[in-house]
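Trainee: I'd like to check some labels against their definitions. Can we go through them one at a time?

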Amino acid sequence: MNNFYVHAEDATSNVPPEIANQVNANASVVQVENNKTAADEQIIVCLDPGHGGHDSGATYRGYQEKDINLRIALYARDALQRAGYKVVMTRDSDVYLGLEQRVKIASENDANVIISIHCNSGDSNHSVHGAEVEIPNGNMVAEIHDQGKNLGDDILDKIDNLGVKNNGSKERNSKVTKYNDGSTADYYSIVRNAKQNGIPGIIIEHAFISNDSDLERYLANDTGRKNLGEADAAGVIKYFNSTAGINYHLVYDYDYYIAHNPDVKKAFSGDKGKTLLHFWQYGMNEGRRAISTFDVQYYKNNNADLQRTFGNNLRKYYMHYMQYGYKERRGSYAVNDSEVAKISTIHGINYSAVYDHDYYYNHNDDLRRVYAYNDGIGLLNHFITYGMNEGRQGHADFNVNVYKDNYTDLSRAYGNRLKDYYMHYIKYGAKEGRNAKTRINTRPVAPGNTTSTIVTKYNGVDYSLVYDANYYRNKYTDLQKAFSASDYNGLLNHFVTYGMNEGRQANATFDVNSYRLQYGDLRAAYGNNLKSYYLHYIQYGNKEGRKATGTTTMQGAVTEYNGVDYAKVYDFNYYINHNADLKRVYGTYDDIAALRHFVTYGINEGRQASATFDVNSYRRQYADLRKAYGNNVKNYYLHYIQYGSKEGRKAIGTTQMIDYVTKYNGVDYANVYDFNYYINHNEDLRRVYGLFDDYNVLKHFVTYGMDEGRQANENFNTSVYAGNYVDLLDAFGGNKKSYYEHYLKYGYSEGRNAKSLLTGSTPAKLSNIPLSNYRIMGTTNTNVNQLIQFFNKSGHTYPEFYKSTDAPTLEAFARMYFEEANAEGVRAEVAFAQMCLETGYLQYGHDVKIEQFNFAGVGATGNGNEGNSFGKVRLGIRAQIQHLKAYASTAKLRNNCVDPRFTYVKRGSVPYVEQLGGHWAVDPDYGYNVRKLVNRILSI
């Protein structure tokens with residue numbers, strides 16, 4: 001026997017044909033290389049022309065988006081097919097399809113990607129133009145986001161080469177819908193549903209139908225549409241030629257995955273999308289095998305360089321093989337040639353009970369003339385497709401005609417549908433011990449019985465302890481249809497031959513399910529052999545006084561596995577009843593398989609298996625364990641088993657992290673940082689760091705969170721702290737991190753309040769305050785109400801003097817500043833802040849007098865020099881603002897000049913507020929003092 005290490009790419013060239021046949025049947029070779037075609041590798045691209053039928057999409061100048069989308073898609077299809085790709089179209093004519101139906105087509109055809117083809121529209125805005133791609137967000141399956149972005153970028157690059165403006169790739173989140181893991185879903189149905197089916201889905205908005213230039217150059221004529229379609233195809237080819245072009249077909253096959261993972265089959269059989277998603281989300285992390293041609297454990301064990309890089313992170317081995325290992329021709333599994341030739345399992349069904357390769361080949365001359373001996377798949381496919389319907393014998397122990405004649409219940413059910421007899425034997429008959437090899441002349445009856453009286457003995461065994469004929473027949477409607485009330489022989493024969501194997505209850509005092517649940521010694525001895533439980537009770541259990549009814553939960557379940565007793569962290573009944581997926585797979589009796597699942601998968605997944613141990617609670621409670629084990633979840637279970645229970649450690653009920661890290665680079669951030677508060681109030685951090693990585697969460701806070709002003713402690717809020725203390729606002733402005741640092745060094749010990757607003761305080765909007773120097777010219781960043789609030793917070797009142805002027809109220813005064821500043825392009829907050837500084841909030845008291853309407857000391861040089869006077873409030877405000885414009889800009893005035901000193905200024909010499917010192921006033925800090933007041937205004 002020859003053993004070969006076979007790589008999927010070698011399947012048809014470097015190995016014997018019998019191995020190649022099996023490899024070709026089970027593997028899809030999908031990466032594109034220069035010397036291979038996409039057809040060889042089964043790359044499947046689903047193209048989805050948007051809209052159709054009654055849904056025209058966007059329209060403009062008589063053009064309908066649905067028609068343009070279809071033509072672009074057809075050109076893309078033709079180009080991809082020429083390159084050897086298999087293309088699936090959701091529509092190739094003018095028909096309407098629902099959004100979910102489009103993704104269903106992609107999923108059912110095992111598409112690697114789905115590309116929805118559209119044109120954009122700016123509705124009434126005809127100036128917007130260019131192309132963009134809508135891609136998946138990073139939630140639920142991060143790789144699908146990465147693949148969608150890489151694919152979208154490659155396509156946009158090709159479209160950009162045509163001269164279309166590249167508007168980039170974009171993500172859009174739903175405001176309502178969540179994925180099943182609780183994360184925010186994608187907004188677009190195509191993108192969202194594709195992800196839920198394990199497929200990267202993108203939407204290409206090729207150009208704007210509403211833009212005349214885009215329409216005429218790219219969308220309205222066939223040349224432009226062809227260019228766009230071929231650009232799409234070129235982008236797809238570029239993507240699959242690169243290492244970014246991940247193709248799960250190299251490591252995943254739906255039929256194989258379903259057949260070899262019974263829990264997945266129970267949960268998702270028939271739903272290809274959810275099955276693939278399970279593989280992405282869980283299967284790779286658990287190291288499950290999903291195709292005959294890739295075994296992750298083999299791949300890991302035979303590549304030491306990868307072990308050093310990836311350790312026990314199994315998911316990374318799958319990803320490496322798809323991106324690099326396949327092209328590097330690394331071995332991915334071991335295959336034995338004779339096993340390939342003599343296969344009996346295909347599409348998840350094991351036909352070995354009715355099919356034997358050698359028997360079928362040797363007993364059918366016509367097949368020997370057509371099929372080679374080592375064409376195992378060809379022979380098995382013939383048997384399934386033709387042989388069973390023709391009644392051919394494929395196994396020495398199964399003759400379909402004998403099986404049909406022996407059992408009238410089957411012949412009544414199946415008639416002449418021969419294939420159904422084979423399938424019944426595979427699923428049920430072999431397990432029930434039915435005879436398909438030799439004919440039974442007469443149905444067995446209880447020996448020596450020829451009467452119609454109730455009988456309980458059969459072949460010398462008295463079943464009365466577990467069987468009552470009337471109870472048995474009355475309990476099951478199928479028996480009532482098959483047997484008359486007086487057919488006691490038939491009923492007992494059915495019970496002995498089938499009923500016990502099926503676990504049917506035939507007596508009010510014996511329930512085989514209760515008996516199994518009650519006694520661990522019997523489960524260890526008999527496993528799933530139900531008949532043995534009945535016989536044990538008849539021979540021993542009744543005499544021993546064993547309980548045979550009323551037990552509904554497992555007693556004495558197995559807790560020891562490979563020499564380790566998991567009883568302190570594992571309870572079979574709890575595990576099964578709190579994990580519906582396991583209950584579907586293992587039922588309520590298979591305690592050995594359930595324990596094996598817990599040890600193999602459940603622990604690594606952090607599943608709770610006992611009411612007295614919750615690994616998440618245990619992790620949160622003890623910092624020493626987090627430091628020792630990090631994210632190695634299994635070690636927390638083992639620690640509790642070996643040490644924690646003895647030490648009396650708490651293992652349930654802790655919902656918040658205890659003793660989390662607060663020190664980073666020698667600084668203790670405890671007064672402004674609480675891990676639990678920070679992680680629970682920032683969903684983006686929970687997605688990235690989970691609920692246990694206290695070190696990296698603290699690192700994020702110090703590195704980014706403080707700069708962003710994120711609240712991390714209920715007792716410290718930057719907006720409240722800045723709003724309460726104007727000295728801090730003046731000192732730090734919009735530099736959020738400085739508020740945290742001040743509180744840590746001084747504020748906490750000074751007893752300053754950073755939790756709640758003091759009387760008269762309002763929260764400071766620090767994000768409105770720029771960190772850089774502040775330009776005098778520009779768009780005003782405040783409004784009249786904010787100017788009024790700022791003035792009133794100073795504690796001063798608007799002078800009575802102005803009641804008889806053109807600004808009789810503070811509102812009128814502030815509005816004048818707003819109007820005059822905007823007229824000249826000067827920021828109103830700068831002019832208003834300067835006025836408050838110069839006049840002491842209109843209280844005056846120095847050389848300039850209130851009646852001069854001079855609000856910024858224009859012309860006042862000290863030593864009693866009063867400076868210029870103006871006839872009314874508005875003129876005084878206008879003169880100040882024009883003087884600011886003279887310093888900050890070279891642009892012309894928009895109003896007539898009323899500033900008598902306008903021409904004395906070097907135009908444009910002082911663009912920033914901070915530079916006013918030494919120019920407007922002698923004091924070098926003058927500009928900074930104005931800026932402080934500007935910050936106060938912006939913070940309101």
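Mentor: We take a residue, a helix and a sheet in turn. Keep in mind that this is a predicted model.

Trainee: Why does Ser939 count as buried?

Mentor: Buried means under 20% relative accessible area. Ser939 has 5% relative accessibility, so the label holds. This residue sits in the segment after helix H44 (926-938).

Trainee: What is Ser939 in contact with, leaving aside its neighbours within four places in sequence?

Mentor: Leu729, Pro763, Ala764, Lys765 and Ile769. Its side chain also reaches the backbone oxygen of Arg936 at 2.8 Å. The cut-off for a polar contact is 3.5 Å, and 2.8 Å falls within it.

Trainee: What makes helix H14 largely enclosed by the rest of the structure?

Mentor: Ten of its twelve residues are buried, so the description fits. Among them are Leu314, Arg315, Tyr317 and Gly325. The cover includes helices H5 (142-160), H11 (272-286), H12 (296-301) and H13 (304-310).

Trainee: How do you know that H14 falls short of a straight helix in span?

Mentor: Compare two values. A straight helix of twelve residues would span 16 Å at 1.5 Å a residue. H14, residues 314-325, spans only 14 Å between its end C-alpha atoms.

Trainee: Why are strands E5 and E8 said to stand at the edges of their sheet?

Mentor: The open sheet runs E5-E2-E6-E11-E7-E8, with mixed pairing. E5 (86-89) and E8 (166-170) each have a single partner strand, so one side of each lacks a neighbour in the sheet. The twist averages 20° from one strand to the next.

Trainee: What makes E7 and E8 a pair?

Mentor: Pairing needs at least two bridges. Three join E7 (residues 131-134) to E8, and the two run parallel. One of the bridge partnerships links Ala131 with Asn166 in E8.

Key:
Residues are numbered from 1 along each chain as its sequence is written. This is a predicted model: local features need pLDDT of at least 70, side-chain atom pairs count only at pLDDT 80 or more; totals for chains, interfaces and linings use all residues. Side-chain values use heavy atoms; hydrogens and water are left out. Helices (H or I, at least four residues) and strands (E, at least two) are DSSP runs, numbered from the N terminus. The expected span of a helix is 1.5 Å times one less than its number of residues. Buried means under 20% relative accessible area, exposed over 50%, partly exposed in between (1.4 Å probe, protein chains only). Contact means heavy atoms within 4.5 Å. A polar contact is a pair of N or O atoms within 3.5 Å; within protein, one must be able to donate a hydrogen and the other to accept it, and residues adjacent in sequence count only if both atoms are side-chain atoms. Axes are lines fitted to C-alpha atoms, for helices over the stretch in contact, and angles run from 0 to 180 degrees between N-to-C directions.
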